[in-house]
Amino acid sequence: MAFDPTSLPTGLIAPIVGGALIGLSAGVLRLGNGQIAGISGILRIGLRGPDRDWRLAFLLGVVLAGLLAAWRGGPDLAAGLERASLPVLVVAGLLVGVGTGLGNGCTSGHGICGLARFSRRSLAAVLTFMAVAVLTVLIRRAGGWL
């Protein structure tokens, strides 16, 4: 029996396609350039380090893809960001930046590329930031400080 993509609930199609494209881009970068698609490292080195051309092109592609998705997907793509105040978004962004520095990587580097390489350090990082994310959502939904 052949797989019929039209049998998937419509809410699952975009995440599946998006995940496949992220995995494909990480694989192409690793196989084609020998680099890991860790966005925080690409950003850090792309802004002030050597070998900047491909890094800046990669980051431009990430931004343009996000803008294209927002334009095509409309407000449903915002994932609740419209309900967060600017101070909350700024603090959240700063905490993510500090976390990627402390963890020596981000969700893309550890979660996509590190786990695919069976890195124990990446597994520990992913378990940590996923646990914190779940806790944050639970606190926020309970009417907590976020």
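Phe 129 touches Cys 106, Thr 107 and His 110, not counting its neighbours within four places in sequence. This is a predicted model, so take what follows as a tour of that prediction. The stops are Phe 129 and helix 5, a greasy stretch of helix 1, a pocket, and two loop residues with an odd backbone angle.

**Phe 129 and its surroundings**
- Phe 129 sits in helix 6.
- Is Phe 129 buried or exposed? Neither quite fits: its relative accessibility is 26%, and because buried means under 20% and exposed over 50%, Phe 129 counts as partly exposed.
- Gly 99 is 30 residues away from Phe 129 in sequence, yet the two C-alpha atoms are 8.7 Å apart in space.

**Helix 5**
- Helix 5 covers residues 107-116, and its buried residues are Ser 108, Gly 109, His 110, Cys 113 and Gly 114.
- One of these, His 110, is also among the contacts of Phe 129.
- What do the buried residues of helix 5 pack against? Their partners are helix 1 (10-33), helix 2 (39-48) and helix 6 (120-141).

**The nonpolar patch**
- Ile 13, Val 17, Leu 21, Leu 24 and Val 28 together make a nonpolar surface patch of about 450 Å².
- Residues three or four places apart on an α-helix point the same way, because there are 3.6 residues a turn.
- Leu 21, one of the patch residues, lies in helix 1.
- With 52% relative accessibility, Leu 21 counts as exposed, because the cut-off for that is over 50%.

**The second largest pocket**
- This pocket has a volume of about 720 Å³.
- Its lining has 22 residues, and those nearest the centre are Gly 18, Leu 21, Ile 22, Val 62 and Ala 65.
- Leu 21 therefore turns up twice, in the nonpolar patch and in the lining of this pocket, while counting as exposed at 52%.
- Which helix gives the largest share of the lining? That's helix 3, with 9 residues.
- Helix 1, helix 3 (52-73) and helix 5 each put in at least two residues.

**Two positive phi angles**
- Most residues other than glycine have a negative phi.
- Asp 51 has a positive phi of about 60° although it is no glycine.
- Asp 51 is found in the loop between helix 2 and helix 3, and is partly exposed at 45% relative accessible area.
- Phe 118 also has a positive phi, near 60°, and its place is the loop between helix 5 and helix 6.
- Phe 118 counts as exposed, with 75% relative accessibility.

Conventions:
Residues are numbered from 1 along each chain as its sequence is written. This is a predicted model: local features need pLDDT of at least 70, side-chain atom pairs count only at pLDDT 80 or more; totals for chains, interfaces and linings use all residues. Side-chain values use heavy atoms; hydrogens and water are left out. Buried means under 20% relative accessible area, exposed over 50%, partly exposed in between (1.4 Å probe, protein chains only). Helices (H or I, at least four residues) and strands (E, at least two) are DSSP runs, numbered from the N terminus. Contact means heavy atoms within 4.5 Å. Patches are made of residues with over 30% relative accessible area and no salt bridge: like charges are joined within 9 Å, nonpolar side chains (Val, Leu, Ile, Met, Phe, Trp, Tyr) within 5 Å. Accessible areas come from the Shrake-Rupley method with a 1.4 Å probe; for residues, only the protein chains shown count as cover. A salt bridge is a side-chain nitrogen of Lys or Arg within 4 Å of a carboxyl oxygen of Asp or Glu. On a 1 Å grid over the protein atoms alone, a cavity is a set of points where a 1.4 Å probe fits but cannot get out, and a pocket is an open set with protein on both sides within 12 Å along at least five of seven lines; lining residues have an atom within 4 Å of a point. Grid points are joined across faces, edges and corners, and a volume is the space filled by probe spheres set on the points.
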